[in-house]
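Here's a quick look at two things worth checking in any fold: what the cysteines are up to, and how one of the strands sits among its neighbours. Have the structure open as you read.

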Amino acid sequence: MAVVASAPGKVLMTGGYLVLEKPNAGLVLSTNARFYAIVKPIYEEIKPDSWAWSWTDIKLTSPQLLRESIYKLSLKNQSLESVSPSQSRNPFVERAVEYCVAAASAKFVDKDNKNALHKLLLQGLDITILGCNEFYSYRSQIEARGLPLTSESLASLPPFSSITFNDEESLGKNCKPEVAKTGLGSSAAMTAAVVAALLNYLGVVNLSLLTGDQEQRGSAGLDLVHIIAQSAHCIAQGKVGSGFDVSSAVYGSQRYVRFSPEVLSSAQAAKNGIPIEEVIVDILNQKWDHERTKFSLPPLMTLVLGEPGVGGSSTPSMVGAVKKWQKSDPQKSLDTWRKLSEGNSELETQLNTLHKLAAEHWDAYKYIINSCCKLTSEKWIHQATEPSQQAIIKALLGARNAMLQIRHHMRSMGEAAGVPIEPDSQTKLLDATMNMEGVLLAGVPGAGGFDAVFAVTLGDSTSNVTKSWSSLDILALLVREDPRGVALESCDPRTNAITAAVSSVHI
């Protein structure tokens, strides 16, 4: 019986760089771009002599990259060995497999459960991974087909299209990744989906208990999915990042404060030959002290993303440069971080205020949003005729100003550290976007660079923004906010030819 799980990509609205250090928060929105993992047995029957085997087979298929890898998994110590001739490895899925099997082995203490797990593993694990088109850049394909740079052209591509590789020359020059991506956190979403599918398949968690109610999500084993996915992702990446991308892939949109990196010290030391199961037991017993509170965009607001034609930036190298700058100029960097932190808190406060005003004065809120969505921001102030409307306008303008402050400090940090956090081309685009009718704010998500930019639009102004972007040679993606985290799916998404794209696009 196949298990299909999915996890969303993310947009970090505020908290780029700062979220790496406690107690700074990041506001992260999960999206309708989802990664899927399908887990099923390789063999229907167990061969009679298989009880004596000490290894089992693992097959990993990535149809979009036209890749298939075969591994042997040791049933004794959960380690994976590649037996494929292909050079391409997927360390995220490799660690996820080892850690999930080790977690199952550690959780099942009684004989019956252990036997059932052993039997399941002897049938082999056939894992397929699929990412929605929105994770990857399809600009070159759209241009090659002679189609206009519009959302409609993107929506016309087949679901789970094969993926473009950046050409060799541009790899060296621009620190571009091998695959052209849009910056939605594909490795975190992929890791979370694989971990969720495997833990569910092995009977460690039961994600069918997931309901819309956030509070009940813990009972279905989401916390375990989160810890295993964070650990696998950090170790595969070779560094302990802030983890906001994995947290949003598991739990959905949130305000996030990172965990203490020490919880993973045993996993980092595991390279010295400590058995994987011991490492996992240690990780599960650690005090995971991350903080996660509910957060989403206020009503009648839409998240839109636009992809400039440059194919993504490499986050680790930019983070490295900022850390180097912090060491070399502690005074100035502390000052910049303090101002950034104030801007981030201010934006969060204004958005929370808008949530509250929408709940208390819905008619006034709806009226203001629907008026402002047709106007540029300097005209908003004239729309209010009574106190509750004035309060709503004040919060909208407060959110805009906070975003301008954040952008200003992110730019000066980039200049000081010598990395393009908000490069000139992005500055021009963001300024133009923030001056469009009905745009509340715009920014470069996360660590910045040349990834897709985001905007938050009011009411039904989205289509005007995407049309204007098109004329500026910016491809509006089909990404929208979707506050759901990990989910169990009822079938293989390929049989469901409607992708996130088609179901979400309001053409």
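Let's start with Cys491, which counts as partly exposed because its relative accessibility is 27%. Bear in mind that this is a predicted model.

What about disulfides? The structure holds zero of them. A disulfide would be a covalent bond between the sulfur atoms of two cysteines. For Cys132, the closest cysteine sulfur belongs to Cys491 and lies 13 Å off, so the two are too far apart for a bond. The cut-off for calling a disulfide is a sulfur pair within 2.5 Å. Seen from the other end, Cys491 is in no disulfide either, with the sulfur of Cys132 as its nearest at 13 Å. Cys132 is buried, because its relative accessibility is 2%.

| Cysteine | Relative accessibility | Status |
|---|---|---|
| Cys132 | 2% | buried |
| Cys491 | 27% | partly exposed |

Now for strand β11, residues 453–458. How many of its residues are buried? Six of six, so to speak a mostly covered strand, because each falls under 20% relative accessible area. In a regular strand, side chains alternate between the two faces of the sheet. Here both faces are covered: Val453, Ala455 and Thr457 are buried on one side, and Phe454, Val456 and Leu458 on the other.

And which strands pair with β11? Strand β9 (residues 301–307) does so in the antiparallel sense over six bridges, with Gly306 partnering Val453. Strand β10 (residues 439–443) also runs antiparallel to β11, joined by four bridges. There, Leu441 stands opposite Val456.

Terms used: Residues are numbered from 1 along each chain as its sequence is written. This is a predicted model: local features need pLDDT of at least 70, side-chain atom pairs count only at pLDDT 80 or more; totals for chains, interfaces and linings use all residues. Side-chain values use heavy atoms; hydrogens and water are left out. Buried means under 20% relative accessible area, exposed over 50%, partly exposed in between (1.4 Å probe, protein chains only). Helices (H or I, at least four residues) and strands (E, at least two) are DSSP runs, numbered from the N terminus. Two strands pair if DSSP finds at least two bridges between them.
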